[in-house]
Amino acid sequence: MHEILEKIRKIGIVPVVALDDAKDALPLAEALQQGGLPCAEITFRTQAAEEAIRLISRECPEMLVGAGTVLTTEQADRAAAAGAEFLVSPGFNPRVVKHCVKKGILITPGCSTPSDIEQALENGLDVVKFFPAEPSGGLKMIQALAAPYGQVRFMPTGGIHPENAREYLRCSRVLACGGSWMVKSELVKTGAFDKIRQLSQEAAQIVKECRG
């Protein structure tokens with residue numbers, strides 16, 4: 001398995017965060033690290049995303065930082081240049097995936113159907129994002145999709161929270177879960193980094209309970 005994917009597997013829960021102001025990037029990274037989740041998927045939905053990734057990559061080398069909601073090849077290049085170690089997209093865009101594979105950029109595209117998964121396999125990928133997880137059928141759908149594709153692992157994101165994270169993490173075909181409950185926008189905007197650290201600690205404990 002790719003070294004970065006192995007790191008993600010060990011962390012177990014990937015915080016998915018949208019930052020409106022890059023000044024919040026380093027306090028956020030510190031809170032996540034102290035809470036036991038040294039990882040962040042910074043979504044490219046805001047203007048601050050690129051600079052936030054650059055700051056965390058430069059100032060917090062022990063943090064695993066990636067870019068989420070990557071929709072174009074141009075965004076993929078910008079994210080990678082800023083220091084993103086992995087990219088995540090909500091759906092399977094053949095052009096973006098082929099571009100990343102050609103450039104050696106790790107990408108985990110969103111897949112929710114057998115056709116999506118087969119496109120991923122065709123491009124040499126065996127880890128995919130399952131999105132939106134809960135609306136798409138949750139763990140039962142993952143188990144159904146996993147059956148004919150023995151080598152594929154999933155990163156469910158969308159509707160994951162402390163009450164259902166355990167059932168996902170106990171599934172051997174789930175690499176890790178993506179979640180935003182510990183990094184909600186209002187917590188970041190109000191500077192509630194102590195709360196983010198607490199919620200991260202609780203999330204890390206869930207991973208420990210499920211995986212040891």
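Ile42 in strand β2 stands opposite Ala67 in strand β3. Let's start there and work outwards. One caution before we go on: this is a predicted model.

So, how many bridges join β2 to β3? Five, and the two strands run parallel. Strand β3 covers residues 64–68. Between the two strands, the chain passes through helix α3, residues 49–59. That β-α-β crossover is right-handed.

Now look at Ile42 again. Val17 also stands opposite this residue. Val17 belongs to the β1 side of the story. Strand β1, residues 13–17, is joined to β2 by two bridges. This pair runs parallel too. The chain gets from β1 to β2 by way of helix α2, residues 25–35. This β-α-β crossover is right-handed as well.

Is β2 mostly covered or mostly open? Mostly covered: five of its five residues are buried. The strand spans residues 39–43. Take the two faces in turn. On one side sit Cys39, Glu41 and Thr43. On the other sit Ala40 and Ile42. Both faces are covered. Here is the general rule behind that split. In a regular strand, side chains alternate between the two faces of the sheet.

Step back to the whole sheet. What is the strand order? It reads β5-β4-β3-β2-β1-β8. That is an open sheet of six strands with parallel pairing. Strands β5 (107–108) and β8 (177–179) stand at the edges. Each has a single partner strand, so one side of each is left without a neighbour in the sheet. For β5, look at β4, residues 86–88: the two pair in the parallel sense over two bridges. Leu87 stands opposite Ile107 in β5. As a reminder, strands of a sheet pair through backbone hydrogen bonds, either parallel or antiparallel.

On to the helices. First, α4, residues 73–82, where we find Ala82. Is Ala82 buried or exposed? Buried, with a relative accessible area of 5%. What does it touch, leaving aside neighbours within four places in sequence? Ala82 is in contact with Glu50, Ile53, Arg54 and Ser57. Leu55 is worth a look too. Ala82 and Leu55 are 27 residues apart in sequence, yet 8.4 Å apart in space, C-alpha to C-alpha.

Next, helix α6, residues 114–122. Which of its residues are buried? Asp116, Ile117 and Ala120. They cover an arc of only 95° around the axis, which puts them on the same side of α6. The general rule helps here. An α-helix has 3.6 residues a turn, so residues three or four places apart point the same way. What do the buried residues of α6 pack against? They pack against β6 (127–130), α7 (138–146) and β7 (153–156). Now turn the helix round. The face turned away from the buried side carries the exposed residues Ser115 and Glu122. Just after α6 comes Gly124, with a positive phi of about 80°.

Last stop: empty space. How many cavities of 30 Å³ or more does the structure hold? One. About 40 Å³ of space lies in the largest cavity. Its lining includes Ala18, Leu19, Asp20, Asp21 and Asp24. From further along the chain, Ser185, Val188 and Lys189 line this cavity too.

To recap, with the structure in view. Find Ile42, with Ala67 opposite in β3 and Val17 opposite as well. Then trace the order β5-β4-β3-β2-β1-β8.

Methods
Residues are numbered from 1 along each chain as its sequence is written. This is a predicted model: local features need pLDDT of at least 70, side-chain atom pairs count only at pLDDT 80 or more; totals for chains, interfaces and linings use all residues. Side-chain values use heavy atoms; hydrogens and water are left out. Buried means under 20% relative accessible area, exposed over 50%, partly exposed in between (1.4 Å probe, protein chains only). Helices (H or I, at least four residues) and strands (E, at least two) are DSSP runs, numbered from the N terminus. The arc is that of the directions from the helix axis to the C-beta atoms. Contact means heavy atoms within 4.5 Å. Two strands pair if DSSP finds at least two bridges between them. A crossover is right-handed if, with the strands pointing away from the viewer, the path from the first strand over the helix to the second runs clockwise. On a 1 Å grid over the protein atoms alone, a cavity is a set of points where a 1.4 Å probe fits but cannot get out, and a pocket is an open set with protein on both sides within 12 Å along at least five of seven lines; lining residues have an atom within 4 Å of a point. Grid points are joined across faces, edges and corners, and a volume is the space filled by probe spheres set on the points.
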